[in-house]
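Me: Hi! Could you walk me through this structure while I have it open?

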Amino acid sequence: MASPVSSYPQDQPETEIEMEIESFPPRSDSLRPAVEAIDTSSTPAASTSTSANPHSNHNIYYDVFISHRGQDVRKTLASHLNRCLLLHGIRVFLDRPELQKGENFTSEMEAAIRTASVHVVIFSRTYAASTSCLNDLLLMLKLEARIIPVFYGVKPDDFRSTGGKDGVYAQALSNLEIKQSGGKLLYDSTTVQNWRDALLRVAERSGFDLDAYNGDEGELIDQVVECVLERLKKPIFPVVKYPTGLEEKVKDFENSVLAQQQSRKPQVVGIVGLGGVGKTTLAKALFDRNRSDYSKSYFLFDVREKARESSLSYLQRKLLNGLTHSDIHIHSVYEGIQILKKNLLSSNAFIVLDDVDHANQLEAFLPVRSVLRSDSLILITSRDINVLTDSGVQNTTIYKLTGLDEERSRELFCLHAFKQPFPLSGFGYVVGKFIKACDRLPLCLKVFGALLNGKNDLSYWEALLDRLEQVLPSEIQMRLKISFDTLHQNEQKIFLDIACFFIGKERDMAIRIWDGSGWKGSLGFQHLQKVCLVGVIENKITMHEQLRDMGREIAESAVLPRRIWRWTENIDDLYQQHVSVPIIQSFINCLIQICVDFLIPHFSPINRRSRKCVELGLFVVITQMVMRTTHKCHATKGGVNSYFGTA
């Protein structure tokens, strides 16, 4: 069993801000994020195994639960594995009730099974003779925990033949079936059959077999530890503030779509729905909790926008690099398909294609399905179901994502508006009206809830609600534009600059540019964050795609000065404007950004004050250059009164 390798974009998602169903609590069938499971202050010496403290606090979360038969492996494989995991700072639960009797210990062991992120089960020769071990296994399967099986002196075939008389596990279960006390059977037939079924289910899972390592326990332990560490990796995507409604959506998706797998081909599934309903958020949650089940995984963000900005062959190259760490130049889509097929042959991969809006985009990626292993998964998100069905995706494997139910909508809105899951006294009725006007779309609920936070004047709420109710439910961007209209002038300028130029750029750099423009960049940006119109991930500015598109539409429809955010604009048209000649502000901003991003790194390290002086000097020099250029344009073309920039 190979250790899974997960890859993801170094440039974090440009289309996501913290959304409603943005995060998710740990669930029974997922790996608990390591950020919850591991005490970040712990060191290997501080990490614990319960064998040292049988009555420790039940509130402790364990990273790993090791299930084993003590008399077989406690002083050998289990002990050595435990020690190796502790050296990595991992909190391990290791012990058996037969070694430490008592109600407290038994209840703590059950709590450890329920809270552990990873469950390592060492199947030794007498494992099935222990009812405690078998009941542990039943509980893990009931919780749908992800189990790492380790076969120590037994074979998966021993699990499959438990209904007969041959094999060590079959004999052990037969003995339990007839075991009596006081003339009565200790275990009824249903209980024994449940144990048999549990062992059979585990036999279908891939695991680690000691014989595969020629009996070398050290090598076996190294591989198990590597697998555990991979599964304990922190989620790729940041855990956000209010995890509302995601758990139900994930379960519904798994039950209605993933459980329908019938064919032996890699599964291609889709998530469709309105913009702002949480498609990317749901895909991120599924990716985070399932990626460790695959040897390769990659989340390709915002295919629609990236295909427009660059090319499909660029996206193929990006996917190839993310899955295989190969940087191969691709000249055409056809060539890209062949290269992807060659490099992903027989791979077990989990691929997410986010925000696809045209069938030709899927034509660049889906052919790779023919070479992937049958247990691979390709997940596509789109606003248009026809894009998926036209590409051969079955309707039964497409999940139609809708808004939150009324209870969850109220909870999300109130968490942003009141910092509690219920409305303040006297606001219940108007909150219900806002939920209806937002059509229970998570993005709208979040934006308007945050917009109203701290404003306890009911008349203000009613005035904003009146404007919102005048917009048709289908016109999402018009509803969001109401939040834009409430911003101050400088905040609107900053918002439009972000939508056109600064998504994915350094926040601190952008703020310095806005400060230089006299827009009070820091204060303006903080307010945009507070009202959930922008976000920050690792100091990079993010914005939801729906808000980005709205901002760019506003920028394109604006009178001069304008923001030109893509090269497809006819620049010559701008020279025909017979107006006075101002400084071309955004052109200056972009030139400064380019100089700082690409020139300064080539010089020796400089301190923050020196860097600011360099930026200020660039601002002065470039401003003078542009002013001279615009005067020259005025003499020949009629002047320029526009904002210039690059996407």
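**Salt bridges and surroundings**

Reply: Happy to. Arg-373 counts as partly exposed, because its relative accessibility is 40%. Keep in mind that this is a predicted model.

Me: OK, and what does the side chain of Arg-373 meet in a salt bridge?

Reply: The partner is Asp-375, at 2.7 Å from N to O. Asp-375 is partly exposed too, with a relative accessible area of 36%.

Me: Which residue is 110 places from Asp-375 in sequence but 7.5 Å away in space?

Reply: Lys-265, going C-alpha to C-alpha. You'll find Lys-265 in the loop between α10 (246-256) and β9 (267-272).

Me: Is Lys-265 buried or exposed?

Reply: Exposed, because its relative accessible area is 54% and the cut-off for exposed is over 50%. Setting aside neighbours within four places in sequence, Lys-265 is in contact with Arg-369 and Ser-374.

Me: Back to salt bridges. How many are there in the whole structure?

Reply: A search turns up 22. One of them pairs the side chains of Asp-211 and Lys-155, at 2.8 Å from N to O. Asp-211 sits in the loop between β8 (208-209) and α9, and Lys-155 in the loop between β5 (147-151) and α6 (156-160), so this pair ties together parts 56 residues apart in sequence.

Me: How accessible are Asp-211 and Lys-155?

Reply: Both fall in the partly exposed class: Asp-211 has a relative accessible area of 44%, and Lys-155 has 34%.

Me: Nice. What about Arg-304 and Asp-355, how far is N from O there?

Reply: 3.0 Å, and their side chains form a salt bridge. Arg-304 belongs to helix α12 (residues 303-309), while Asp-355 is in the loop between β11 (349-353) and α15 (359-363), so the bridge joins parts that are 51 residues apart in sequence.

Me: Are those two buried or exposed?

Reply: Arg-304 and Asp-355 are both buried.

Me: Which residues are linked with them in a network of salt bridges?

Reply: The network takes in Asp-302, Arg-304, Glu-305, Arg-308, Asp-355, Arg-383, Glu-545, Arg-548, Asp-549 and Arg-552. As background, side chains of opposite charge can pair when their charged atoms come close.

Me: Asp-302 caught my eye on the backbone plot. What is its phi?

Reply: Near 50 degrees, which is a positive value in a residue other than glycine. For context, most residues other than glycine have a negative phi. Asp-302 lies in the loop between β10 (296-300) and α12, and it is buried, with a relative accessible area of 0%.

Me: And His-325, what is its phi?

Reply: Positive as well, at about 60 degrees, although His-325 is not a glycine. His-325 is in the loop between α13 (312-324) and α14 (333-343).

Me: Buried or exposed, that His-325?

Reply: Exposed: His-325 has a relative accessible area of 55%, whereas Asp-302 is buried at 0%.

Me: Switching to the surface. Which residues gather in a patch of negative charge?

Reply: Asp-216, Glu-219, Asp-222 and Glu-226 do. Asp-222 is in helix α9 (residues 217-231), and its 49% relative accessibility makes it partly exposed. A useful reminder here: an α-helix has 3.6 residues a turn, so residues three or four places apart point the same way.

Me: Now a helix that is mostly covered. How many of the 10 residues of α21 are buried?

Reply: Seven, in a helix that spans residues 476-485. The buried ones are Ile-476, Gln-477, Arg-479, Leu-480, Ile-482, Ser-483 and Phe-484.

Me: What covers the buried residues of α21?

Reply: The cover includes α18 (428-437), α19 (442-451), α20 (458-469), α22 (489-502) and α25 (545-557).

Me: Let's zoom out. How many helices and strands are there?

Reply: The protein has 28 helices and 17 strands. Of its 647 residues, 53% are buried.

Me: And what share of the contacts join residues at least 24 apart?

Reply: 77%, counting contacts between residues at least 6 apart in sequence.

Me: Last one: what area does the protein expose?

Reply: About 29,300 Å², with carbon and sulfur atoms supplying 51% of it.

Key. Residues numbered from 1 in each chain as written. Predicted model: local features only at pLDDT ≥ 70, side-chain atom pairs only at ≥ 80, totals over all residues. Heavy atoms only, no water. Helix = DSSP H or I, 4+ residues; strand = E, 2+ residues; numbered from the N terminus. Buried < 20%, exposed > 50% of the residue type's maximum accessible area, 1.4 Å probe, protein only. Contact = heavy atoms within 4.5 Å. Areas by Shrake-Rupley, 256 points an atom, 1.4 Å probe, with all protein chains shown as cover. Patch = residues over 30% accessible without salt bridge, like charges linked within 9 Å, V, L, I, M, F, W, Y side chains within 5 Å. Salt bridge = Lys/Arg side-chain N within 4 Å of Asp/Glu carboxyl O. Lys, Arg positive; Asp, Glu negative; His and termini not counted. Charge placed at Lys NZ, Arg CZ, Asp CG, Glu CD.
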